[in-house]
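This report covers salt bridges and one residue environment in a single chain. The structure comes first, and the description follows.

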Amino acid sequence: MKTRRAWRVSEREAAKREAAESGAARIPGLLATGAGALRGRVGWALASVLVLVVGLVGAWLFAGSDRPGTPPDTRARAYQDYDACLLTDERGIVSGAPAAPVWEGMQAASLDKRIRVTFVPVMGEKSVENARPFLNGLVQRDCEIVVASGAPQVAAAEAAVEKNPEVRFVTVGTGAGASHDNLVRVAPGATLKDDIAATVKRLAREG
């Protein structure tokens, strides 16, 4: 015989089962409602957008496969694989410095022949011994043309001519040393800029 408490427990359990069953029964209805919504205007809109995106991507890929490579930017300078490097005193290429017209001539040559030009100032003691490591650095950087301005730099460059026959040296001054096939001396003066430009262009053309 069941007591009153037992009856109450049984009623509670029955109510819980009924609630769970009713909730589970609602899930298929909710899913069906969502599916119906997707099949309506919202579904058509999403499907249309998806088809449009896929079509655009496919057209872009198809057009890209038949299209030749993107042309290079005409504004970019197409340099030759040729480097002309300037060795200066500690003043560098500032206006009024001895190397300023030399650098201007090298820049003019670069605009004409598309040659890369750089410069390195020798800092510290004004001597051939101090200039030599800077010069060796330019040679190790594979500078095809090494231009030297200033007495210590010129002396270091001319001393390195025989050891580096593959490098073309250009020195600014009227040196009285021996001549070499890979050494060009340019005299300082009013036409120094134009003379440097012409010399660098000629050496680059000769290779």
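Helices (H or I, at least four residues) and strands (E, at least two) are DSSP runs, numbered from the N terminus. This is a predicted model, in which local features need pLDDT of at least 70 and side-chain atom pairs count only at pLDDT 80 or more, while totals for chains, interfaces and linings use all residues. Residues are numbered from 1 along each chain as its sequence is written, and side-chain values use heavy atoms, with hydrogens and water left out.

**Salt bridges**

A salt bridge is a side-chain nitrogen of Lys or Arg within 4 Å of a carboxyl oxygen of Asp or Glu. The structure holds four of them. Three are listed here, including their N to O distances.

| Acidic residue | Basic residue | N to O distance |
|---|---|---|
| Asp-83 | Arg-116 | 2.8 Å |
| Glu-206 | Arg-168 | 3.4 Å |
| Glu-206 | Arg-202 | 3.2 Å |

Glu-206 and Arg-202 are four residues apart in helix 6, so about one helical turn separates them. Glu-206 also pairs with Arg-168. That pair links distant parts of the chain, with Glu-206 in helix 6 (residues 192–206) and Arg-168 in strand 4, 38 residues apart. Arg-168, Arg-202 and Glu-206 are thus joined in a network of salt bridges.

Accessibility is classed by relative accessible area: buried means under 20%, exposed over 50%, and partly exposed in between (1.4 Å probe, protein chains only). Within the network, Arg-168 is buried because its value is 16%. Glu-206, at 48%, counts as partly exposed, and Arg-202 falls in the partly exposed class with 30%.

The bridge between Asp-83 and Arg-116 has its closest N and O atoms 2.8 Å apart. This pair, too, links distant parts of the chain: Asp-83 lies in strand 1 (residues 83–88) and Arg-116 in strand 2 (residues 116–121), 33 residues apart. Asp-83 is buried, with a relative accessible area of 17%, whereas Arg-116 is partly exposed at 28%.

**Thr-171**

Strand 4 (residues 168–172) contains Thr-171. Is Thr-171 buried or exposed? Its relative accessibility is 1%, so Thr-171 counts as buried. Contact means heavy atoms within 4.5 Å. Leaving aside neighbours within four places in sequence, Thr-171 is in contact with Ala-148, Val-154, Ala-157, Glu-158, Leu-183, Val-184, Arg-185 and Val-186. One of these partners, Ala-148, is 23 residues from Thr-171 in sequence, yet their C-alpha atoms are 4.9 Å apart in space.
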